[in-house]
Amino acid sequence: MDIFTLAQLLAKIVFVFAVCLGVIPFLVWFERRGSAWIQGRVGPNRVGPFGLIQPFADVAKFFFKEFWTPAEANKWYYHLAPIFALVAPMAALTVIPFGSYLMIGDQIVNLQIANVNSGVLFILAFAGLEVYPIIVAGWASNNKYSILGALRGSSQIISYEISMGLALLSMLLVYGTFDLHSMVAWQGQKFFGFVPAWGVFINPIGALIFWISTFAETNRLPFDLPEGDSEIVAGYHLEYGAMKFALFFMAEYVAMIMASALLVTLFFGGYQLLPGVQAAVDAIVSMNGLSDAAAQNLKAVFQFGCLFLKVAFFMVVMIWVRWTFPRFRFDQVINLGWKMLFPLALANVVFMSVVVYLMS
Amino acid sequence: MDNLDFINSVVTVFGIFAAICGLVLLFAKEPLSCALGLLGVLIFTAGIYAIIGEHFIATIQLVVYAGAIMVLFIFSIMLFNVKHDRESFNWKSPLFLFTSVVTAAVFVLLGRTILQYFDTPVIESQKGIFTREMVTDLGGNSQVLAHSLFTQHFVSFEAISLALLIALVGAVVLAKRKLN
């Protein structure tokens with residue numbers, strides 16, 4: 001491994017994780033201000049302009065709280081769970097491509113941390129591991145509410161993983177590859193010369209099923225049964241305080257970012273430029289007379305910007321949904337998963353295979 | 001540090017972690033700890049597969065074993081709340097003594113064989129038809145596997161899925177005590 005490969009790899013890792021963790025305070029701020037706005041309250045507005053510094057004050061508070069562990073808890077697993085909760089979605093983020101490529105000198109830098117041969121399966125693998133922190137946290141805290149939350153969480157995640165996987169399968173039929181870069185490249189085509197060939201236009205039902213499943217997978221309302229505060233106080237993270245709770249909190253946002261990024265990559269063109277941006281890039285290039293390499297770098301920057309905007313849109317919708325819809329009952333959640341989404345996703349796979357067969 | 005050295009050291013580290021998890025699996029008191037130990041073994045083995053370049057096997061290991069089967073294990077352990085009956089175990093029963101002697105003998109023989117042959121080069125006679133270059137040319141592990149699964153081994157693939165479906169229906173029938 002030469003020094004350039006190592007340096008660009010480290011730079012990409014630092015960049016992705018810095019962006020991912022760096023937007024969390026602003027998401028928290030948006031969640032609190034947005035919820036206040038939706039509910040006709042004021043929300044945090046004292047710390048900094050528009051209360052923007054509030055999340056940082058929260059973090060400081062978390063750090064200085066007592067580092068408390070329940071007496072009857074299984075210490076090792078109790079401390080392991082929040083770490084695992086944050087690691088699993090972050091590991092999945094490493095295969096999301098966040099741009100086509102950069103030209104540095106005569107070297108090509110592929111804008112994806114890990115170019116795994118079976119990229120989508122890798123994400124599914126780590127999405128599957130996201131159930132463990134919930135189970136382990138609930139079990140290790142030795143609290144009945146926590147156990148109930150853990151049981152709810154694990155059954156919910158298992159149920160929705162099936163429809164999520166089937167929705168993914170229907171898109172794999174269309175793209176014919178596991179490689180996320182090739183999927184995004186495929187979506188760079190145009191239908192009838194002007195409609196972008198995004199997955200959502202080919203397979204809207206799959207996109208809808210996948211989107212609903214991401215809500216359930218990340219335990220967001222209306223699927224936040226594992227922490228349903230009116231019934232089981234806080235579910236699996238009831239016994240966690242200070243920074244350990246904050247880790248779960250961050251993990252939820254990282255999982256949201258990961259799920260939205262995956263949704264965008266599969267169904268909404270990934271880093272493909274939004275309509276109209278290509279014209280802007282061309283204009284800048286011709287105005288400044290940029291070389292090919294510089295033009296490609298500029299395009300990559302805009303591609304990252306477009307991916308960021310698309311992911312941000314879905315994050316905003318997730319927050320919006322949370323403060324708009326009431327929570328389901330648990331039997332409703334399981335019924336929706338097994339009796340509606342699962343057969344629908346299965347039928348959609350059959351339908352998409354017919355479509356793909358007729359098109360090819 | 002060149003690439004092979006790096007891979008070897010990572011494999012060693014993962015192997016040590018996997019061994020530690022295996023010991024947890026063997027000696028932990030709570031059933032859930034055992035299950036999590038097994039999960040650790042699976043995850044670190046997947047890590048070893050990934051670092052030697054077999055991404056497909058690594059991801060399948062994570063998806064199928066760690067993501068699905070172990071979740072069901074742990075789910076049922078938690079649901080049925082298995083109590084550890086360590087006290088009632090009879091350490092002096094003749095059956096246990098007999099099996100432990102046999103196991104120890106097998107273990108010693110295995111260890112002797114491994115220590116005897118561990119630096120001999122890879123056996124050439126047992127290899128399959130695919131070399132690493134061929135697999136890369138044909139479009140990666142997943143492509144090659146899918147192709148052979150859905151052409152050459154199609155009938156056995158369908159037979160196995162049918163058998164699994166029958167097992168699934170059977171499990172539902174058995175679990176549902178009264179059929180109306």
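**Helix α6 of chain A, the A–B interface and the salt bridges**

In this predicted model, the buried residues of helix α6 of chain A are A:Val131, A:Tyr132, A:Pro133, A:Ile134, A:Ile135, A:Val136, A:Ala137, A:Gly138 and A:Ala140. Because 9 of the 10 residues of this helix, which spans residues 131-140, are buried, α6(A) is largely enclosed by the rest of the structure. The surroundings of these buried residues come from both chains: they pack against α4 (75-93), α5 (119-129), α7 (144-175) and α12 (242-267) of chain A, and also against α2 and α3 of chain B. Just after α6(A), the backbone at A:Asn142 adopts a positive phi of about 60°, a value that occurs here in a residue other than glycine. A:Asn142 belongs to the loop between α6 and α7 of chain A and, with a relative accessibility of 47%, counts as partly exposed. For context, most residues other than glycine have a negative phi.

A positive phi of about 60° is also found at A:Asn219, again not a glycine. This residue is located in the loop between α10 and α11 of chain A, and its relative accessible area of 6% places A:Asn219 among the buried residues.

Chain B, which contributes two helices to the packing around α6(A), contains 7 helices and 0 strands, so that its pattern along the sequence reads α-α-α-α-α-α-α. Of the 180 residues in chain B, 21% are buried, and the chain exposes about 13600 Å², with carbon and sulfur atoms supplying 72% of that area. Among the contacts in chain B with a separation of 6 or more, 50% are accounted for by residues 24 or more positions apart.

The interface between the two chains brings 25 residues of chain B into contact with 28 residues of chain A. The size of an interface is often given as the accessible area lost when the parts come together. For chain B and chain A, the buried area is about 2200 Å², and carbon and sulfur atoms give 77% of it. On the side of chain B, the residues that lose the most area to chain A are B:Val71, B:Phe75 and B:Met78, which together provide 24% of what that side buries. The polar component comprises 3 residue pairs in polar contact, with both partners at pLDDT 80 or more, while the count of salt bridges between chain B and chain A is 0. Two or more residues are given to this side of the interface by each of α1 (3-27), α2 (31-51), α3 (55-80) and α6 (140-150) of chain B; α3(B) gives the most, with 14 residues. By residue class, the side of chain B that touches chain A divides into 16 nonpolar, 8 polar and 1 charged.

Over all chains, the structure holds 6 salt bridges. One of them pairs A:Arg32 with A:Asp58, whose closest N and O atoms are 2.8 Å apart. A:Arg32 lies in helix α2 (residues 24-38) of chain A and A:Asp58 in helix α3 (residues 54-64) of chain A, and the pair therefore ties together parts that are 26 residues apart in sequence. The two partners fall into separate accessibility classes, A:Arg32 being partly exposed with a relative accessible area of 33%, whereas A:Asp58 counts as buried at 16% relative accessibility.

Another salt bridge joins the side chains of A:Glu252 and A:Arg220, at 3.0 Å from N to O. This pair links distant parts of the chain, with A:Glu252 in helix α12 of chain A and A:Arg220 in the loop between α10 (204-217) and α11 (229-232) of chain A, 32 residues apart; both A:Glu252 and A:Arg220 are buried. A further salt bridge is formed by A:Asp224 and A:Arg327, with closest N and O atoms 2.7 Å apart. Since A:Asp224 lies in the loop between α10 and α11 of chain A and A:Arg327 in the loop between α14 (292-322) and α15 (330-359) of chain A, this pair ties together parts that are 103 residues apart in sequence. A:Asp224 counts as buried at 7% relative accessibility, while A:Arg327 is partly exposed, with a relative accessible area of 23%. Through salt bridges that share partners, A:Glu31, A:Arg220, A:Glu252 and A:Arg322 are joined into one network.

Terms used
Residues numbered from 1 in each chain as written. Chains lettered and ligands numbered in written order. Predicted model: local features only at pLDDT ≥ 70, side-chain atom pairs only at ≥ 80, totals over all residues. Heavy atoms only, no water. Helix = DSSP H or I, 4+ residues; strand = E, 2+ residues; numbered from the N terminus. Buried < 20%, exposed > 50% of the residue type's maximum accessible area, 1.4 Å probe, protein only. Contact = heavy atoms within 4.5 Å. Areas by Shrake-Rupley, 256 points an atom, 1.4 Å probe, with all protein chains shown as cover. Buried area = accessible area lost by both parts, 1.4 Å probe. Salt bridge = Lys/Arg side-chain N within 4 Å of Asp/Glu carboxyl O. Polar contact = N/O pair within 3.5 Å; in protein donor to acceptor, adjacent residues only side chain to side chain. Nonpolar A, V, L, I, M, F, W, Y, C, P; charged D, E, K, R; others polar.
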